[in-house]
Amino acid sequence: MPEGPQVVFLRELAAPFVNQPVLKAEGNAAGIPFHEVTGQVLTGIETFGKELLFCFPGFTLRVHLMLFGKYALNGRLDRELVLGLTFPGGNLNFYACGCRLLRQPLAALYDWRRDVMHPSFDPGAAVAKLLARPNQPICEALLDQAVLAGVGNGIKNESLFLGRVHPQSLVGATPRPVLERLVRTCVQFSSDYLRWKKEGTGDQWHVYRQRQCPRDHIPLRIEKLGKSRRSCYYCEKCQQLYLH
DNA sequence: GGTTATGTTATTTC
DNA sequence: AGAAATAACATAAC
């Protein structure tokens, strides 16, 4: 379920619990001192990329929904509870997720300039990080959370389509203005994605999980590319391949 | 029953 | 030692 925009959407759903005390913390997450969490007041909720951060005085609970994560707001699902937080105003339950307790201040752990959903996102820094890895295929580089935190496989495919860049293009062979446009497109698409979530418009994928190019009306290519072999959906006619 | 999938991390191997 | 490949994890849908 993740990708940055959905995590931000979830933060907004959970925002009413801020300033409320945890009446009960439970679950089977390893290494979480549930007893210590109980009674603490939730001081804020942040996101970083695909991570959801519940802030308490002195510590933070970090939840990552990974590939199969599920959550229930004011309800429970019939599966093993990993983390459940009950507040006076309701409850929030997480399943099949990664969960960790952080004791360091968030500022020491996260640089929000690389989070595509954050107001302080720094496109120049992202382009510089891309340029530092000239031999990497762009489809792999865009998914790197150290470059563009929050970008997942959907946003990657859509941004490459909108930017008219072939996923196997090598970063170093792609003109700098094209890289800059790609980074801006990642941010813009992520922001649109959040809006669709809020408006309940449903998914608005151009190529991701689609069969046909909306520009050329020819079948899309669907291949697992890059070292991580993630699915790429692209049009070989309108997406330019840049190689050395 | 096999494959796939919006993802990351731990372990093993070279 | 350190990079790179592999396994692990968790779940539903086709």
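## Salt bridges, a covered helix and two DNA strands

A search of the whole structure, which is a predicted model, finds 13 salt bridges. Side chains of opposite charge can pair when their charged atoms come close. One of these pairs is formed by E12 and K198, whose closest N and O atoms are 3.5 Å apart. Because E12 lies in helix α1 and K198 in helix α7, the pair ties together parts that are 186 residues apart in sequence. With a relative accessibility of 35%, E12 counts as partly exposed, and K198, at 48%, counts as partly exposed too.

Two further salt bridges involve R221. The side chain of R221 meets that of E223 with a distance of 2.9 Å from N to O, and R221 also forms a salt bridge with E236, where the closest N and O atoms are 3.3 Å apart. The pair of R221 and E236 links distant parts of the chain, since R221 belongs to strand β9 (residues 221–225) while E236 sits in the segment after β10, 15 residues away. As for their exposure, R221 is partly exposed at 33% relative accessibility, and E236 is partly exposed at 49%. Elsewhere, K24, E26 and R76 are joined into one network by salt bridges that share partners.

The three salt bridges described individually are gathered here.

| Salt bridge | Closest N to O distance |
|---|---|
| E12 and K198 | 3.5 Å |
| R221 and E223 | 2.9 Å |
| R221 and E236 | 3.3 Å |

### Helix α1 and the residue K198

Helix α1, which covers residues 4–14, is mostly covered, with eight of its 11 residues buried. The buried residues are G4, P5, Q6, V7, V8, F9, L10 and A14. What covers them includes the strands β2 (44–48), β3 (51–56), β5 (70–73) and β7 (90–95), together with the helices α6 (153–162) and α7 (176–199).

Helix α7 is also where K198 is found. If its neighbours within four places in sequence are left aside, K198 is in contact with F9 and E12; of these, F9 is one of the buried residues of α1, whereas E12 is partly exposed. The side chains of K198 and E12 are joined by a polar contact of 3.5 Å, and the two residues form a salt bridge as well. By contrast, K198 and S159 are 39 residues apart in sequence and 20 Å apart in space, taken from C-alpha to C-alpha.

### Cysteines

How many disulfides does the model contain? The count comes to zero. A disulfide is a covalent bond between the sulfur atoms of two cysteines. C97 takes part in no disulfide, and the nearest cysteine sulfur, which belongs to C99, is 5.7 Å away. C97 is buried, with a relative accessible area of 12%. C235 is likewise in no disulfide, although the nearest cysteine sulfur, that of C238, is 3.6 Å away; the cut-off for a disulfide is a pair of sulfur atoms within 2.5 Å, so this pair is not counted. C235 is buried as well, at 0% relative accessibility.

### The surface near DNA strand B

Of the 20 residues around DNA strand B, those that come nearest are P2, Y208, R209, K224 and R230. Sugar and phosphate make up 62% of the atoms of this strand that come within 4 Å of the protein. Three residues have polar side-chain atoms set against phosphate oxygens of DNA strand B: for N153 the distance is 3.1 Å, for K224 an N or O atom of the side chain is 2.4 Å from a phosphate oxygen, and for S231 the distance is 2.9 Å. The elements that give two or more residues to this surface are β4 (59–64) and β10 (230–234), and the largest share, three residues, comes from β10. By class, the residues of the surface divide into eight nonpolar, six polar and six charged.

### The surface near DNA strand C

Which residues lie around DNA strand C? They are F68, R79, A96 and K227. Of the atoms of DNA strand C that come within 4 Å of the protein, sugar and phosphate account for 55%. The surface near this strand has two nonpolar and two charged residues, and no polar ones.

Methods
Residues numbered from 1 in each chain as written. Chains lettered and ligands numbered in written order. Predicted model: local features only at pLDDT ≥ 70, side-chain atom pairs only at ≥ 80, totals over all residues. Heavy atoms only, no water. Near = heavy atom within 4 Å. Polar contact = N/O pair within 3.5 Å; in protein donor to acceptor, adjacent residues only side chain to side chain. Helix = DSSP H or I, 4+ residues; strand = E, 2+ residues; numbered from the N terminus. Nonpolar A, V, L, I, M, F, W, Y, C, P; charged D, E, K, R; others polar. Buried < 20%, exposed > 50% of the residue type's maximum accessible area, 1.4 Å probe, protein only. Contact = heavy atoms within 4.5 Å. Salt bridge = Lys/Arg side-chain N within 4 Å of Asp/Glu carboxyl O.
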